[in-house]
Amino acid sequence: MCVDGIMVTLSDLPDSILLEIFSYVPVRDRIRISRVCHRWKRLVNDGWLWRHIDLSAYKVRPKVVWHFLHRYMTSRLHSLHLGGYLLSGSQASQLSPALMNALGQKCPNLKRLCLHVANLSMVPVSTLPWTLKTLELYSCEISMGWLLGGPNSTMLPQLECMVLSRVPAFRDEHLQGLTRFRSLRSLVLGGTYRVTEAGLDASLQKLSYLQRLEMMGCTPSGDSILLAISRHLRDVRKIRVTIKGLSAPGLSVLEGMPALETLCLQGLHITPETPSPAQIISSCLTMPKLRVLELQGFEWEDQEAVRILRKGLPHCLVIVRACPEESVNWWI
């Protein structure tokens, strides 16, 4: 690069700029560039660069994970993505209680942990770092007793958000076990087909403090999900649901929800039971704090319905669009 006729190279950039550039480099390449020169090695070893670590794209062995823990994971680590071996055919066990305990001790500021395709059957939730505020599980295997047992007020006391996507073993008993996380305010369930309507209703009664609930590709119908929400989650602020089986009477149960700010209805096809634009407007007008209405997958033949919605809800941001591919097939 040439500035005012003078050739400028990476070596001329200050450390702060180079660190910012290195932060966009994938983990594997980040380690490789540490071999370029002594300065780059020093920068790569800077804890600031390892505040967010994503290893989910790599099939790293337990030995490598431990190496990362000792070499790069410090008190500055805020978020960590780890992958497993469930789909590789390997019998290797990447995650263990010892690793989770060591992670909690070495990284006291870790707030977000995302586990992908991992076997957690032998990793009790009690061994996870107690500082976590967000826990995300994607295509993971858990045991029947992973969230069960007697109440324990010290277990993940700061946990505010939990995401469970394509966790096949997750069932009613696990959902009820979430009540031990008293700071939990946000719950996202995707493809958890073992959760029943009765189990959802019983669990939400005990999770009345939730402020965000998202359920996509789950077994309960849209009507039953909204009914359970209207009964027990009066302070909920954000709702996102798959509308399989949703009807106008089912939507009407949300009328008068005092704190609801965002409502996202996600569906694949319009059916005779699907609420019409006029019925949607009628229900939404009774929600005093509603500011965002998002409709995904409503295959209306023209834009007239969208125009009617936006005119009838002038105080709302109305978004109508196709379903993202990922949200259509949560279970794949």
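## Nonpolar surface patch

Leu10, Ile17 and Ile21 together make up a nonpolar patch on the surface, and their combined accessible area is about 230 Å². The model described here is predicted. Of the patch residues, Ile21 belongs to helix 1, which spans residues 15-22. The relative accessible area of Ile21 is 37%, so this residue is classed as partly exposed.

## Salt bridges between distant parts of the chain

A total of 12 salt bridges is found in the structure. One of them joins Asp46 to Arg76, with 3.5 Å between the closest N and O atoms. This pair links distant parts of the chain, the two residues being 30 residues apart. Asp46 sits in the loop between helix 3 (38-44) and strand 3 (52-54), whereas Arg76 sits in the loop between helix 4 (62-71) and strand 4 (79-83). Both partners fall in the partly exposed class: Asp46 has a relative accessible area of 25%, and Arg76 has a relative accessibility of 42%.

Another salt bridge is formed by Asp201 and Arg231, whose closest N and O atoms are 3.2 Å apart. Here too the pair links distant parts of the chain, with 30 residues of separation. Asp201 lies in helix 7 (residues 197-206), and Arg231 lies in helix 8 (residues 222-232). With a relative accessibility of 21%, Asp201 counts as partly exposed; the cut-off for a buried residue is under 20%.

## A salt-bridge network

Which residue meets Glu214 in a salt bridge with an N to O distance of 2.9 Å? The partner is Arg212, and the contact is made between the two side chains. Salt bridges with shared partners extend this pair into one network that contains Arg212, Glu214, Lys238, Arg240, Glu294 and Arg321.

Is Glu214 buried or exposed? Its relative accessibility is 5%, and Glu214 therefore counts as buried. Arg212, by contrast, is partly exposed, at 26% relative accessibility. The Glu214–Arg212 salt bridge thus joins a buried acidic residue to a partly exposed basic one.

## Packing of helix 4 and helix 5

Two packed helices are described by the angle between their axes and by the distance between those axes. For helix 4 and helix 5 (residues 97-106), the axes come within 10 Å and cross at roughly 15°. Helix 4 is therefore roughly parallel to helix 5, because angles under 35 degrees are assigned to that class. The crossing in which helix 4 passes helix 5 is left-handed.

Key: Residues numbered from 1 in each chain as written. Predicted model: local features only at pLDDT ≥ 70, side-chain atom pairs only at ≥ 80, totals over all residues. Heavy atoms only, no water. Patch = residues over 30% accessible without salt bridge, like charges linked within 9 Å, V, L, I, M, F, W, Y side chains within 5 Å. Areas by Shrake-Rupley, 256 points an atom, 1.4 Å probe, with all protein chains shown as cover. Salt bridge = Lys/Arg side-chain N within 4 Å of Asp/Glu carboxyl O. Helix = DSSP H or I, 4+ residues; strand = E, 2+ residues; numbered from the N terminus. Buried < 20%, exposed > 50% of the residue type's maximum accessible area, 1.4 Å probe, protein only. Axes fitted to C-alpha atoms, helices over the stretch in contact; angles between N-to-C directions. Parallel < 35°, antiparallel > 145°, perpendicular 65-115°, else oblique. Left-handed = near helix turned anticlockwise from the far one by under 90°.
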